[in-house]
There are 2 protein chains.
Amino acid sequence: MHTFDFLLNKFQVSLSKENLDFSPDEIYKPISYTLSIGGKRLRPVLALMACDLFGGNIEDVIYPAIGIEVFHNFTLLHDDIMDKAPIRRGKPSVYKKWNTNIAILSGDTMFALAYKFICKAQISDLRNILDIFNNTAIEVCEGQQFDLNYETQKNVSINDYIKMIHLKTAVLIGASLKTGASIAGAPEEELEKIYNFGANLGIAFQLRDDILDVFGNETEFGKKTGGDIITNKKTFLYLKAFELAQGDDLISLTNCFTDKNIDDSTKVKSVIDIYNSLNVKDLAEKEINNYSQKAFYHLDSIIIDNDKKQFLRDIAKKLMVRKY
Amino acid sequence: MHTFDFLLNKFQVSLSKENLDFSPDEIYKPISYTLSIGGKRLRPVLALMACDLFGGNIEDVIYPAIGIEVFHNFTLLHDDIMDKAPIRRGKPSVYKKWNTNIAILSGDTMFALAYKFICKAQISDLRNILDIFNNTAIEVCEGQQFDLNYETQKNVSINDYIKMIHLKTAVLIGASLKTGASIAGAPEEELEKIYNFGANLGIAFQLRDDILDVFGNETEFGKKTGGDIITNKKTFLYLKAFELAQGDDLISLTNCFTDKNIDDSTKVKSVIDIYNSLNVKDLAEKEINNYSQKAFYHLDSIIIDNDKKQFLRDIAKKLMVRKY
């Protein structure tokens, strides 16, 4: 069994060997830029770890893992256009650095490239991993649309929100693990278990993101906090606060999110005060714990030596309490 | 051997049976809308014809053909955003009817759906047709970027233009035929021949489009002519005219394409007068004939009963002289 850091390094070395310096520059420079900025590389490393868990050859997963990472970065590229997000990982997003057309088209090319990498898998794995990937890609698009819808939709429930982050974030984490396990030849029931482990982990992961966006330490988190509050994003914290707020808290919360004249820092401070008084951070932590337990339940149920699961358990725990 | 019309009908019936009525509406209504408006269905029918030519089972090509058509429509959806084209096939384009975000995301979903359909091919065909499709999808994106670049780039040569339409339009026509032939089990040399037939046909097809956009009969063509002139599009006619124009013609042509105060109908009329005096339409016809000859050379070289090629020859001839 290999550690996360070993597999991360292996992935980074493999990715860096891929030449994407083609013509026209307007397509390929944004692609290289996006892939070079980094990110956690969580999905591809989980794919490698799942293969390792089931005793597969991790070499067989490298290209599909690159495909998954390229796909993930493609979605960020298009999401940033739709969400008007000027910054990604501390750098200008592609549509800001270049323009919207270039972001659309280099994104489209990344999507095709993602498939090209995935199709470098062994022929015997091709159908299975493409079935996983096709369905997941569609779900991720659906999740992003629900996210966009919720910007203007009233009466978004916490269930709606969980369903949305399941599609937008969690399924790709489940699919990454399932892809690695599938290439290792794991049986169908085990594939479902590792997928469910990842999907529940993914929801906990996104809920942690929601908390960090409000309560994170900016130095550790690596970006300005309060962004979700400023953009009225209907996160778990937002929805829970509206569910619980009464009287003055409710009036004040509503004012914060509707008053167009309120300045950003006052808004963030006021909302955090209400979040604190309603204890929504603890409730989100409870929810993270809840989804973590579900994730671990599925991991535990996988029929394989318990100590082999330790690396996955460790990384899952790390993700739950991460500060960045 | 089946006729174009028989295969077209077969394709339409198969496509109409596909249920794409999923949630969220913001993704799936634009997809159904786009696919229901129609178009020539040239690419999927060519895929079926190529399979038929090589004695394959056309049933095996139906899903990949749907995938190719869905992909083609996805590219139109994103191109219309980038080209700011409000009308497609006589109806509002998706980004106009809904909005840009919806057009980006329903387009992305169509791209994933295209792969999902393609992956319904027999497992023995999967790698070959995905190799064709992945490379073609990337080339189509590259072609669109060159097209965007040429809007502002000076000194675009006719060679540059042909290279661009090769990528943007011709390769997908070649790939459609190659996909059908590959599923029929045609040998590698024959696959290259049918691909080259399609790619040359595709260039002739696009040059015909350039002519129709200027000289077409609006009733037959189904849309207003002169669009390329109004938007200063560097088509074969434009580039050839600038190559040939001298003295007053050159001054007048330059004025037409740089004077921002000239009204559209005067501009179109003046440019057509110069095109006529320089005979560029005949030169474009000559070029169409040239690429048609190349296409037929490759078709002729395919080692198969000559009379079996007749349907493909007929449809190619029709496309060359089409008025819409």
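The legends below describe close-up views of a predicted model. Local features need pLDDT of at least 70 and side-chain atom pairs count only at pLDDT 80 or more, whereas totals for chains, interfaces and linings use all residues. Residues are numbered from 1 along each chain as its sequence is written, and chains are lettered from A in the order in which they are written.

**View 1. Helix H15 of chain A and its two faces.** Helices are DSSP runs (H or I, at least four residues), numbered from the N terminus. A:Val280, A:Ala284, A:Ile288, A:Tyr291, A:Ser292, A:Ala295 and A:Leu299 of H15(A) are buried (20 or more other C-beta atoms within 10 Å of the residue's own, with C-beta atoms placed from the backbone; exposed means 12 or fewer, and partly exposed in between). Because these residues cover an arc of only 115 degrees around the axis, they fall on the same side of H15(A), the arc being that of the directions from the helix axis to the C-beta atoms. Exposed residues A:Asp282, A:Lys286, A:Gln293 and A:Asp300 are carried on the face turned away from that buried side.

**View 2. Packing partners of H15(A).** The buried residues of H15(A) pack against helices H9 (188–215), H12 (236–244), H14 (264–278) and H16 (310–321) of chain A, where contact requires C-beta atoms, placed from the backbone, within 7 Å.

**View 3. The contact between chain A and chain B.** Chain A contributes 31 residues and chain B 32 residues. On the chain A side, helices H2 (25–37), H4 (62–82), H6 (100–118) and H7 (123–152) each give two or more residues, and H7(A) gives the most, with 14 residues.

Notes. Contact = placed C-beta atoms within 7 Å.
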